[in-house]
Amino acid sequence: MTKELDTIVIGGGLHGLSAALYLARAGRKVAILERSWVGRHSSGGTAAGVRTLNRDPAEIPISLEAMDMWHRIETIVGDDCGFHAHGQFEVAEFEHHFPELEERYAMTRAMGFENEELIGRDELRRLVPALAPHCVGAIIARQDGAADPHRTLQAFRRATEAAGVTIYEGAGVIAIEQVGIDWRVRTEQGNFVAPTIVNAAGAWADKIAAMVGDNVEVGHKASMMIVTERIAPLLKPVVGVVGRPLSFKQTHQGTLLIGGGLKGKADLEAQRTFVDFTQLARGARAATDLFPAVDKVRIVRTWAGMESSPKDELPVLCLSPNASGVVHSFGYSGHGFQLVPVCGAIVADLIMQGSTSRQISSFKIDRLYKN
Ligand SMILES: Cc1cc2nc3c(=O)[nH]c(=O)nc-3n(C[C@H](O)[C@H](O)[C@H](O)COP(=O)(O)OP(=O)(O)OC[C@H]3O[C@@H](n4cnc5c(N)ncnc54)[C@H](O)[C@@H]3O)c2cc1C
């Protein structure tokens with residue numbers, strides 16, 4: 001049986017859900033085709049940090065818009081997604097790290113961005129008393145924060161289905177063919193036809209891109225996380241540190257979530273990730289150096305999730321130059337959770353108008369074409 005639609009979204013992660021949501025609310029007949037189940041990969045394993053801090057300058061404009069959206073996320077998906085804005089910090093442990101932060105601060109101010117602020121030792125201690133006293137200062141973004149990943153997934157899924165989107169789980173895309181002005185998408189659950197397609201297939205998005213003639217070189221990364229047993233309230237913001245792989249925060253339940261650049265291994269064919277305990281130990285060491293009080297806290301679980309990651313670690317968010325009606329949305333490189341609400345709106349612009357007023361010129365797919 002062939003299902004006829006306006007837009008087929010490939011990939012049931014948060015970016016696929018967000019794109020489908022905006023398209024359906026604009027009156028489009030949309031289906032999401034997901035090979036496994038919604039949230040199976042990166043979006044189900046995310047740390048859900050909501051961060052404008054320390055972004056590549058090319059991402060800052062859309063990240064700031066996304067941050068405004070997070071502050072009113074309940075009006076968008078009908079749930080607050082567990083979002084709290086307790087700030088994100090990038091700490092300088094030693095004096096020789098501080099100039100890097102001063103430079104970053106000067107650069108963002110010169111570009112006209114005001115979300116980042118430079119603070120010294122006293123303010124840092126006042127805001128994060130649990131931090132080791134040797135730390136000398138930080139750049140911070142006070143409006144940043146973190147959300148609850150599973151509530152976010154559920155909220156986006158509910159909102160998307162309420163807007164009329166049909167989600168097909170267990171519907172892996174096998175092939176895509178052009179049929180007149182339409183695309184026929186072959187899956188394990190039959191064929192789907194639509195004039196427009198959104199490629200939001202995460203770590204496998206290069207395979208989908210190749211099916212429509214965009215042959216790209218995209219790497220991938222397998223970000224890792226540690227979660228600990230519950231402890232008494234210790235800190236509210238999310239804390240990273242210059243020169244070490246660390247993102248450290250405490251959930252409402254009291255567990256500590258430790259990640260931030262810790263990389264495991266991925267087997268894309270088998271759709272599996274593997275935790276690298278040597279790397280993980282570096283993250284745990286950074287955490288106990290910065291927060292000596294957590295020295296004896298027990299690790300409960302570790303995991304890794306994979307997604308595509310171009311060399312420049314910028315997303316691919318654009319119309320295909322080759323394939324009419326195809327929009328790519330992938331390559332979020334371990335920091336795409338925060339961008340979810342705005343990227344859905346951008347994809348909808350691209351599908352419906354063929355352009356967007358948002359600044360996405362650095363996110364074109366042709367920068368990754370194979371020679
Ligand atoms: C451990 C970890 C921590 C992170 N922490 C943060 C953070 O603190 N802050 C932040 O901003 N970001 C963070 N991220 C990144 C963020 O989670 C991702 O950028 C985001 O979830 C990517 O969503 P996605 O929809 O693009 O990809 P995914 O969620 O991976 O979804 C892609 C989907 O496509 C499906 N698919 C693939 N091939 C096919 C096919 N052929 N047919 C049909 N379906 C297919 C897959 O099954 C998958 O479900 C983290 C990621 C990880 C793994």
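In this predicted model, helix H2 (42-45) provides the largest share of the shell around the ligand, with 3 residues. At least two shell residues each are also supplied by H1, S3, strand S14 (219-228) and strand S20 (299-309). The ligand is surrounded by 35 residues, of which Glu-34, Ser-43, Gly-49, Val-173 and Glu-307 come nearest. Classified by residue type, the shell comprises 18 polar, 14 nonpolar and 3 charged residues.

Backbone atoms approach the oxygen atoms of the ligand at several positions. A backbone N or O atom of His-15 is placed 3.0 Å from a ligand oxygen. For Phe-337, a backbone N or O atom likewise lies 3.0 Å from an oxygen atom of the ligand, and for Gln-338 the distance from a backbone N or O atom to a ligand oxygen is 3.0 Å. The ligand taken alone exposes 1000 Å², and 96% of that area is buried by the protein.

Turning to the protein interior, the largest nonpolar core contains 50 residues. The members touching the most others are Leu-17, Ile-62, Trp-70, Val-77, Phe-156, Val-198 and Leu-317. Two or more residues of this core are given by each of helix H1 (14-25), strand S3 (30-34), helix H3 (60-70), helix H4 (73-77), helix H7 (149-162) and helix H10 (340-353). Among these elements, H10 makes the greatest contribution, with 9 residues. Another core, of 28 residues, lies apart from the largest one and includes Ala-31, Leu-33, Ala-209 and Val-326. In soluble globular proteins, nonpolar side chains tend to be buried together.

Helix H3 was examined in further detail. Because 8 of its 11 residues are buried, H3 is largely enclosed by the rest of the structure. The buried positions are Ile-60, Pro-61, Ile-62, Ser-63, Ala-66, Met-67, Met-69 and Trp-70. These buried residues of H3 pack against H1, strand S4 (49-50), H4, helix H5 (98-110), H7 and H10. Of the buried H3 residues, Ile-62 and Trp-70 are also among the core members that touch the most others.

The surroundings of Ile-62 illustrate this packing at the level of a single residue. When neighbours within four places in sequence are left aside, Ile-62 is in contact with Leu-339, Val-342, Cys-343, Ile-346, Arg-358, Gln-359, Ile-360 and Phe-363. Of these partners, Val-342, Cys-343 and Ile-346 fall within H10 (340-353), the element that gives the most residues to the largest core.

Note on methods: Residues are numbered from 1 along each chain as its sequence is written. This is a predicted model: local features need pLDDT of at least 70, side-chain atom pairs count only at pLDDT 80 or more; totals for chains, interfaces and linings use all residues. Side-chain values use heavy atoms; hydrogens and water are left out. A nonpolar core is a set of buried Ala, Val, Leu, Ile, Met, Phe, Trp, Tyr and Cys residues joined through side-chain atoms within 4.5 Å. Buried means under 20% relative accessible area, exposed over 50%, partly exposed in between (1.4 Å probe, protein chains only). Helices (H or I, at least four residues) and strands (E, at least two) are DSSP runs, numbered from the N terminus. Contact means heavy atoms within 4.5 Å. A residue is near a molecule or strand if one of its heavy atoms lies within 4 Å of it. A polar contact is a pair of N or O atoms within 3.5 Å; within protein, one must be able to donate a hydrogen and the other to accept it, and residues adjacent in sequence count only if both atoms are side-chain atoms. Accessible areas come from the Shrake-Rupley method with a 1.4 Å probe; for residues, only the protein chains shown count as cover. Ala, Val, Leu, Ile, Met, Phe, Trp, Tyr, Cys and Pro count as nonpolar, Asp, Glu, Lys and Arg as charged, and the others, Gly among them, as polar.
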